[in-house]
Amino acid sequence: GASIITQNYILTAAHCVYSGTNADNPIVGGTAVLGAQNRIVEEPSQQRITFTSSGIIGHPGYNLVNVRNDIALVRLDQPIVYTERIQPIRLPGRSDTRTFSGLMGTVSGFGVYSVANPALSDVLNYVLNPVITNADCLAAWSGNAELIQAQNVCQSGDGGRSACNSDSGGPLTVQDNAESLLIGVVSFGSVGGCDDGTPTVFARVSYYLGWIEDNSDFVADP
């Protein structure tokens with residue numbers, strides 16, 4: 001998964017666009033499918049835009065071993081044409097210091113449904129669960145401070161609902177002034193399965209705002 005941030009760039013997880021354990025080996029390229037409700041069907045609302053390895057910009061500190069700095073930008077081969085269905089997501093402003101804990105978060109993607117039903121979804125699915133504090137997330141992850149840090153934000157796994165395999169790179173949003181606000185990029189979940197109640201862990205967008213600005217044509221709000 002990924003999120004549109006400008007007409008030229010999408011934001012995703014580094015582990016989606018790199019092979020190996022660091023940012024040395026980008027994939028050869030691919031196609032971004034934008035505006036899809038059903039990824040299998042070429043819907044009239046969709047735009048399909050290619051990208052190459054030269055357009056992949058991973059965070060230089062990306063490390064898959066302990067899943068640090070799991071964030072990347074992708075420059076598309078041609079600009080996105082904004083439509084009613086295809087729009088950039090809003091990101092937090094530079095002065096926004098909120099943690100977003102306590103707000104309801106929405107994660108979306110085409111990943112697998114569950115451990116028991118490991119098929120990819122043809123259609124876009126959503127999960128709505130609260131954003132939790134990093135302290136609560138750390139406790140749920142057995143106090144592993146190598147995995148849960150300030151660069152992360154977490155969503156509750158209440159009800160056995162969470163992002164799942166192949167949802168990586170997709171958005172975690174909250175409602176802010178009646179608009180969707182991108183606060184996280186799907187990074188990792190429990191090895192026990194996406195329905196075991198463990199919180200999902202995301203790269204925290206506000207933590208990387210300066211890096212995003214420095215490496216794309218995105219300009220953050222004050």
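1. Let's start with a pair of residues you can find on screen: Phe188 stands opposite Val201 in strand E12. Keep in mind as you look around that this is a predicted model. Strand E12 covers residues 200–204, and 4 bridges join it to strand E11, with the two strands running antiparallel.

2. Now look at the other partner of E11. Strand E10 (residues 171–176) pairs with E11 over 6 bridges, again in the antiparallel sense. One place to see this is Pro171, which stands opposite Val185 in E11. The two strands form a hairpin with 2 residues between them. In that turn sits Asn177, and its phi is positive, at about 55°.

3. How many of the residues of E11 are buried? Strand E11 spans residues 179–188, and 8 of its 10 residues are buried, so the strand counts as mostly covered because buried means under 20% relative accessible area. A general point may help when you look at any strand: in a regular one, the side chains alternate between the two faces of the sheet.

4. Next, the largest pocket. About 1400 Å³ of space lies in it. Of the 41 residues lining this pocket, the closest to its centre are Ala2, Ser3, Val33, Phe110 and Pro171. You have already met Pro171, the residue opposite Val185 in E11.

5. Which strand gives the most to the lining of the largest pocket? That is E3, with 6 residues. Strand E3 runs from 29–34, and along with strand E1 (3–4), strand E2 (9–12), helix H1 (14–17), E7 and E10, each supplies at least two residues of the lining. By type, the lining divides into 22 nonpolar, 17 polar and 2 charged residues.

6. Let's move to a loop. Ser101 lies between strand E6 (72–75) and strand E7 (104–109). Is Ser101 buried or partly exposed? With a relative accessible area of 31%, Ser101 is partly exposed, because that class lies between the 20% and 50% cut-offs. The side chain of Ser101 makes a polar contact of 3.1 Å with the side chain of Thr99.

7. Ser101 also has partners farther along the sequence. Leaving out residues up to four places away, Ser101 touches Val131, Ile132 and Thr133. Pro130 is 29 residues from Ser101 along the chain, yet their C-alpha atoms are separated by 7.4 Å.

8. The loop between E6 and E7 also holds Asp96. At 18% relative accessibility, Asp96 counts as buried, because the cut-off for buried is under 20%. The side chains of Asp96 and Arg98 are joined by a polar contact of 2.7 Å.

9. Finally, visit Gln149, in the loop between helix H2 (134–140) and strand E9 (152–155). Gln149 counts as partly exposed, at 29% relative accessibility. What does Gln149 contact, leaving aside its neighbours within four places in sequence? The answer is Arg68 and Asn134. With Arg68 there is also a polar contact between the two side chains, at 3.3 Å. For Leu181, which is 32 residues from Gln149 in sequence, the C-alpha to C-alpha distance to Gln149 is 21 Å.

How values were computed:
Residues are numbered from 1 along each chain as its sequence is written. This is a predicted model: local features need pLDDT of at least 70, side-chain atom pairs count only at pLDDT 80 or more; totals for chains, interfaces and linings use all residues. Side-chain values use heavy atoms; hydrogens and water are left out. Helices (H or I, at least four residues) and strands (E, at least two) are DSSP runs, numbered from the N terminus. Buried means under 20% relative accessible area, exposed over 50%, partly exposed in between (1.4 Å probe, protein chains only). Contact means heavy atoms within 4.5 Å. A polar contact is a pair of N or O atoms within 3.5 Å; within protein, one must be able to donate a hydrogen and the other to accept it, and residues adjacent in sequence count only if both atoms are side-chain atoms. Two strands pair if DSSP finds at least two bridges between them. On a 1 Å grid over the protein atoms alone, a cavity is a set of points where a 1.4 Å probe fits but cannot get out, and a pocket is an open set with protein on both sides within 12 Å along at least five of seven lines; lining residues have an atom within 4 Å of a point. Grid points are joined across faces, edges and corners, and a volume is the space filled by probe spheres set on the points. Ala, Val, Leu, Ile, Met, Phe, Trp, Tyr, Cys and Pro count as nonpolar, Asp, Glu, Lys and Arg as charged, and the others, Gly among them, as polar.
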